[in-house]
Amino acid sequence: SLIICAGIVLVCALSGPWGAFIGWIGRNQLVTVVAALVWMLVAESALINFVPAAGRFLPGGAQAAIYRDTGTPETLSMPVGIVLFLGWIGVAGWLASRLFERRDLT
């Protein structure tokens, strides 16, 4: 439906800053990409499947709420998912800026 398509577009748009901040947090490109993939494909997916009451509040659960994934009955509503994912982006941005300011740029 149109709402699901709009949710997918919104998740794609918000994933840009999310990925940039995750990249700024990690110092090594390969390690950061591998860690992000392991987190998304293994750890977070397992938490969402085995402990859905807690997993729905993780970034992947927030994204699933935005694009209205109905795979689990514990999925958050779309507006709550948007606010939650924006919160995760804000936390990642804050952490990235703190680490960027403290690290030696040379």
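Where does T70 lie? T70 sits in the loop between helix 4 and helix 5, and we will come back to that loop after a look at the whole chain. What you see is a predicted model, in which local features need pLDDT of at least 70 and side-chain atom pairs count only at pLDDT 80 or more, while totals for chains, interfaces and linings use all residues. Residues are numbered from 1 along each chain as its sequence is written, and side-chain values use heavy atoms, with hydrogens and water left out.

Let's start with the overall layout. The chain has 5 helices and 0 strands, where helices (H or I, at least four residues) and strands (E, at least two) are DSSP runs numbered from the N terminus. Followed along the sequence, the pattern reads α-α-α-α-α. The C-alpha trace spans about 50 × 25 × 20 Å along its principal axes. Among contacts in the chain with a separation of 6 or more, 54% come from residues 24 or more positions apart; contact means heavy atoms within 4.5 Å.

Next, consider what is hidden and what is on show. Of the 106 residues, 25% count as buried. Here buried means under 20% relative accessible area, exposed means over 50%, and partly exposed lies in between (1.4 Å probe, protein chains only). The accessible surface of the chain is about 6900 Å², and 73% of this belongs to carbon and sulfur atoms; such areas come from the Shrake-Rupley method with a 1.4 Å probe, and for residues only the protein chains shown count as cover.

Helix 4 is a good place to look inside. This helix is largely enclosed by the rest of the structure, because 8 of its 8 residues are buried. They are P59, G60, G61, A62, Q63, A64, A65 and I66. The cover over them includes helix 1 (2–25), helix 2 (29–50), helix 3 (52–55) and helix 5 (78–102). Take Q63, which belongs to helix 4 (residues 59–66). Q63 counts as buried because its relative accessibility is 17%. Leaving aside neighbours within four places in sequence, Q63 is in contact with V11, S15 and F85.

Two other residues of helix 4, A62 and I66, join the largest nonpolar core. This core has 10 residues: V11, L14, W18, F21, A62, I66, F85, I89, A92 and A96. A nonpolar core is a set of buried Ala, Val, Leu, Ile, Met, Phe, Trp, Tyr and Cys residues joined through side-chain atoms within 4.5 Å. Helix 1, helix 4 and helix 5 each supply at least two residues of the core. W18, one of its members, touches P59, F85, W88, I89 and A92, not counting residues up to four places away in sequence.

Now back to the loop. After helix 4 comes R68, whose phi is positive, near 60 degrees. T70 counts as exposed because its relative accessibility is 71%. The C-alpha atoms of T70 and I48 are separated by 13 Å, although these residues are 22 residues apart along the chain.

Finally, let's check the cysteines. The structure holds 0 disulfides, a disulfide being a pair of cysteine sulfur atoms within 2.5 Å. C5 is in no disulfide, and the nearest cysteine sulfur, that of C12, is 11 Å away. C5 is partly exposed, with a relative accessible area of 45%, whereas C12 counts as exposed at 54% relative accessibility.
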